[in-house]
Amino acid sequence: MPFSFPSTSHLFSLFSAFVFWFSHSSSSDQELASSRRPWADDEEHAFIAPGPGDVRSPCPALNALANHGYINRSGKEISASSLYSALTSIYHLSTPFARLLVEGGIATCGHKFERWLSLDALAAHNVIEHDASLVHDNAPLGAKFAPTNVNWSLVDDLIIAYPDGLGITHLAEARVKRESMLQDERRPELDLLHGEISHGEAALAWLLMKDARDVVSTETVRQWFGQETFPDSYLIPDEEVTLGKARKISLKIGDTMTKLKEAVNEL
Ligand SMILES: *[C@@H]1O[C@H](CO)[C@@H](O)[C@H](O)[C@H]1NC(C)=O
Ligand SMILES: *[C@@H]1O[C@H](CO)[C@@H](O)[C@H](O)[C@H]1NC(C)=O
């Protein structure tokens, strides 16, 4: 035969090659998604709420790591290296950023010689912890430690006030509101350091938890701040979360807060 049409079997191989290419590329997308949500199909890292005797901190980021077993689920005597590797792998914090947080936590609230930290020690009042948290009650007056349990009515307040989620300006507004509640309770204002820490935390929450619309959705508020689990929409960030990025957003939130406070004072 001088000329031959492609046979059915040729077409079939072409077709299966296409199917293979198609399914292969889509399965590697899935692999990518699952490598950015490694707890989703790994029983060892499933969410388990803390049991009796387990301790937690005032920080949702660390509590979620413990609730998913990326640091010891007991929350006790967590080594510097385990904190460090959880912060870099699950939140993709840069090395210097993770180091700063771990060293800062251990130096102020941990065991400096053996280099570990129990999560509840981070609730030491006015060390790192501060009043006017978005979802925790203030430390009872005179108490050395602040509560580490979430106040769900504060979580609900956030969800009701920001049904479309929280962008940078909303976070600033929510912080101003919480700080203004200090006056109502006749508590001192946050000092400079704790003011900085508190909007630094808001900046980190936004950087880690914002969705494609650049807001922290209400479902994320509920799951992250409330249940202290990785939100359904959370993927380990593709890009490293650096100190520089966190600082930039923190400054933005701080500036917005200053403007909002000035506006209130001018009334
Ligand atoms: C976790 O902490 C508990 C209590 O402190 C300890 O008994 C256990 O060995 C730790 N588990 C791991 C995997 O380090
Ligand atoms: C939770 O926060 C609200 C609002 O500040 C407050 O009225 C309430 O007493 C708090 N709940 C608990 C259990 O402390």
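Q: What is the phi of histidine 92, just after α3, positive or negative?
A: Positive, near 55°. The name α3 comes from DSSP runs numbered from the N terminus: helices are H or I runs of at least four residues, and strands are E runs of at least two.

Q: How do you know which residues to trust here, and how they are labelled?
A: This is a predicted model, in which local features need pLDDT of at least 70 and side-chain atom pairs count only at 80 or more, while totals for chains, interfaces and linings use all residues. Residues are numbered from 1 along each chain as its sequence is written, with chains lettered from A and ligands numbered from 1 in the order in which they are written.

Q: What makes up the secondary structure of the protein?
A: Nine helices and two strands. Going along the sequence, you meet them as α-α-β-α-α-β-α-α-α-α-α.

Q: Why is phenylalanine 97 called buried?
A: Buried means 20 or more other C-beta atoms within 10 Å of a residue's own (12 or fewer is exposed, anything in between is partly exposed, and C-beta atoms are placed from the backbone). Phenylalanine 97 has 22, so it counts as buried. Across the protein, 34% of the 267 residues are buried.

Q: What does phenylalanine 97 touch, leaving out residues up to four places away in sequence?
A: Val241, Thr242, Leu243 and Ala246. Touching, or contact, takes C-beta atoms within 7 Å. Phenylalanine 97 sits in α4 (95-109), yet its C-alpha is 8.0 Å from that of valine 241, which is 144 residues away along the chain. On the whole-protein scale, 59% of contacts between residues at least 6 apart join residues at least 24 apart.

Q: How do you know that the buried residues of α3 are on the same side?
A: Look at Leu83, Ala86, Leu87 and Ile90, which are buried in α3. They span an arc of only 100° around the axis, so they share a side of α3. That arc is taken from the directions from the helix axis to the C-beta atoms. An α-helix has 3.6 residues a turn, so residues three or four places apart point the same way. Their cover includes α2, β1, α4 and β2.

Q: What makes a set of residues a nonpolar core, and how many residues has the largest one?
A: The members must be buried Ala, Val, Leu, Ile, Met, Phe, Trp, Tyr or Cys, joined through C-beta atoms within 7 Å. The largest such core has 58 residues, and Leu171 and Ile253 are among those with the most contacts inside it. Elements giving two or more residues include α3, α4, α6 and α9. The biggest giver is α7, with eight.

Q: What is isoleucine 253 in contact with, beyond its neighbours within four places?
A: Ile168, Leu171, Ala172, His199, Ala202 and Ala203. The first three of these names also turn up in another list: Ile168, Leu171 and Ala172 are among the buried residues of α6. Those buried residues of α6 pack against α5, α7 and α9.

Q: How do you know what span to expect for α6?
A: Take 1.5 Å times one less than the number of residues. α6 has 17 residues, giving 24 Å expected, and the model's 25 Å is close to that.

Q: What makes up the shell around ligand 1?
A: Asn72, Ser74, Lys76 and Glu77, where being near means a C-beta atom, placed from the backbone, within 6 Å. Two are polar, two are charged and none is nonpolar.

Notes
Contact = placed C-beta atoms within 7 Å. Nonpolar A, V, L, I, M, F, W, Y, C, P; charged D, E, K, R; others polar.
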